[in-house]
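Subject: A structure for you to look through

Hello,

I am handing over the structure below, and after it I have set out what was found. Please keep it open while you read, so that you can look up each residue as it is named.

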Amino acid sequence: TFFCVCSRSSFQAVQLCQCPRTDFYHSKMKMSYSKILILAAILAQYETLAPQEVCATAETADILFLVDESWSIRESNFQLVKDFIYSVIRAFEKAVIGKAGIRLGVVLFGDEPRISIGLMDYLTIEEVLVAVRDLLLKGGNTKTGNALSFLADTMASAGALRADAAKVVILITDGKSSDSVDTPAVALKDRGVTVFAVGVKNADRNELRKIASEPVEEHVLYAEDFHLLSGLSPKLSRRLCFTASEPPQPVKETSNFEMRVGPQDLVISEQSYSSLRLSWTPAMGKVTGYHILLDSLSDTGQVTAEDQRQIILDTNESTMLVTDLKPDRKYAFAVLAVYADALGEPTTIKGKTTPLPPVTNFRVTDIGLFSLKVAWTPPLGKLEGYKIYIPRSNRPGMTSEKILGSDISSHVIDNLQEDKAYTVSIYAVYPEGPSQPVSTTGRTLKLLPVKSIFLQNETTNTIQARWTQVRGASGYRLTWVSSGRVPHSIKNRWTGHQIGTMGNGGLESVAQPSLDPEQGVSTATFGAR
């Protein structure tokens, strides 16, 4: 008899077998007891280094890892948990991933469950594996019962799991739950979900048996420490492959027949930047309340973990204003009727909040030689103020920022250059951030002289001077020379003046846009006889 090392091709398991002289290992003499022990050690080492098992029979399945992220799991141990999940997922590397095949997801839980990898998030197994590596530990208490209820209510009952696919949940935990798991575990399994329970270190084995599907011997796995988790990977992969290859488990029907029709005609109204109103036709049957499930969506329509909520309403409610939403963001909503023993079928809708509203009617209301006045109509909503961006006269192409209070609706921009176009932008600032900008353009006035002056109503000692108005001028200076070549001068806001004690001499009119000579003077000279 010759002994050799052979391998089964199905899952690369190593076995001791008899083989002909030409096989991998042989001996011409009868093997001693000590040599058998040596061979056993070699076999054990070979099994440890065996290639990754690959599931080739599973076609359609929804597989969720429900992972404990409580404070008892330190960062180093969480890395070992991720390695374990990574290894199990690799068993499906030859399968079709996505809507038409295998869908994989991860839900982390402490005090509250959170979907870290959604079933619809990725279309290749490589993307899923990268996402597993990027999972982050949050901490919290071990509320396994709450997490199981979340899966039963929001995943299994809300239609997130496919009816025509095998549905599998793999729980991974290192401790005893701080809440009850009995009812949530039964509810999850009654919805056709097969549950594997993987316990590590201080996990309660009796609790694992309550959670796991029958037969519990096939669905409960245990490791004494986190570094031993990898040894469970081949066993779980084989059992998971078998379960995922079978038809979906039947959903347990309720014993008493009752006409149950979920809420209908779900619509979204009253859209704003921070809220959306949901309204629906009430469900039929003995409804005890409603659950609204909210998920934020990416620009491509994929569910994100940024905002996930469950809102509980009374039986008589058929509308709900959902608040504290993000501006200009897509959301998916599901409304489910709650019955005494189950949740009804969901009705779903997608909606989008509006962008933060900008100011309206932003305009230039007054033009000066060196200033522009702008005004606007404030938007509705809780404002923190405004930001105005003003071109800088001394640095072309650059702007300066001016922050204004929320009670202001106009502003004078000064220190500009005459006869120049300026584009001014304004943002409405909210607690959520700034709105989109609104812009307007205005041109400062050009510094012009008085075009003409008229001398009229002449008497022996007086003459009346009138001149054309200059737009933007805040006043005028009129000078003249009387008999004896004595100069006279007045400052006037009007466009006329009566000159007394007039003799032969000259008369000139000066258009002065400001009473401050440094702000510019334009002169026009006229003669009189």
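**Charges over rings**

The charged end of Arg133 sits over the ring of Tyr86, at 3.9 Å from the centre of that ring. Please bear in mind from the start that this is a predicted model, and that what follows describes the model as it was computed. A second arrangement of this kind involves Arg205, which lies over the face of Tyr222 at 3.7 Å from the ring centre.

**Salt bridges**

Side chains of opposite charge can pair when their charged atoms come close. The structure holds 16 salt bridges, and I will take you through some of them, beginning with the residue you have just met.

Arg205 also forms a salt bridge with Glu224, where the closest N and O atoms are 3.3 Å apart. This pair links distant parts of the chain, since Arg205 is in helix 6 while Glu224 is in the loop between strand 8 (220-223) and helix 8 (233-244), 19 residues apart. Arg205 has a relative accessible area of 45%, so this residue counts as partly exposed.

Asp204 meets Lys176 in a salt bridge of their side chains, with 3.3 Å from N to O. Here too the pair links distant parts of the chain: Asp204 belongs to the loop between strand 7 (193-200) and helix 6 (205-211), and Lys176 to the loop between strand 6 (166-173) and helix 5 (182-190), with their positions 28 residues apart. Are these two partners buried or exposed? Asp204 is partly exposed, because its relative accessibility is 21%, whereas Lys176 is exposed, because its relative accessible area is 53%.

Another salt bridge joins Glu306 to Arg329, and the closest N and O atoms of this pair are 3.0 Å apart. Glu306 lies in strand 12 (residues 303-313) and Arg329 in the loop between strand 13 (319-322) and strand 14 (330-338), so the pair ties together parts that are 23 residues apart in sequence. Glu306 counts as exposed because its relative accessibility is 53%, while Arg329, at 22%, counts as partly exposed. Elsewhere, salt bridges that share partners join Asp62, Arg103 and Arg162 into one network.

**The disulfide**

Which cysteines are joined by a disulfide? Cys55 is joined to Cys241, with 2.0 Å from S to S, and the count for the structure comes to 1 disulfide. Cys55 is found in the loop between helix 1 (33-48) and strand 3 (61-68), and Cys241 in helix 8, so that this pair links distant parts of the chain, 186 residues apart. The link of Cys55 and Cys241 is right-handed, with 75° about the S-S bond, and both of these cysteines are buried.

**Aromatic rings**

A search of the whole structure finds 7 aromatic pairs. Phe362, Trp376 and Tyr386 form one aromatic cluster.

**The protein as a whole**

There are 8 helices and 30 strands in the protein, and buried residues make up 43% of its 529 residues. Among the contacts with a separation of 6 or more, 64% are between residues 24 or more positions apart. The accessible surface comes to about 28100 Å², and carbon and sulfur atoms account for 51% of that area.

With best wishes

Conventions
Residues numbered from 1 in each chain as written. Predicted model: local features only at pLDDT ≥ 70, side-chain atom pairs only at ≥ 80, totals over all residues. Heavy atoms only, no water. Phe/Tyr/Trp six-rings, centres within 6.5 Å; stacked < 30°, edge-to-face > 60°. Lys NZ or Arg CZ within 6 Å of the ring centre and 35° of its normal. Salt bridge = Lys/Arg side-chain N within 4 Å of Asp/Glu carboxyl O. Helix = DSSP H or I, 4+ residues; strand = E, 2+ residues; numbered from the N terminus. Buried < 20%, exposed > 50% of the residue type's maximum accessible area, 1.4 Å probe, protein only. Contact = heavy atoms within 4.5 Å. Areas by Shrake-Rupley, 256 points an atom, 1.4 Å probe, with all protein chains shown as cover. Disulfide = S-S within 2.5 Å.
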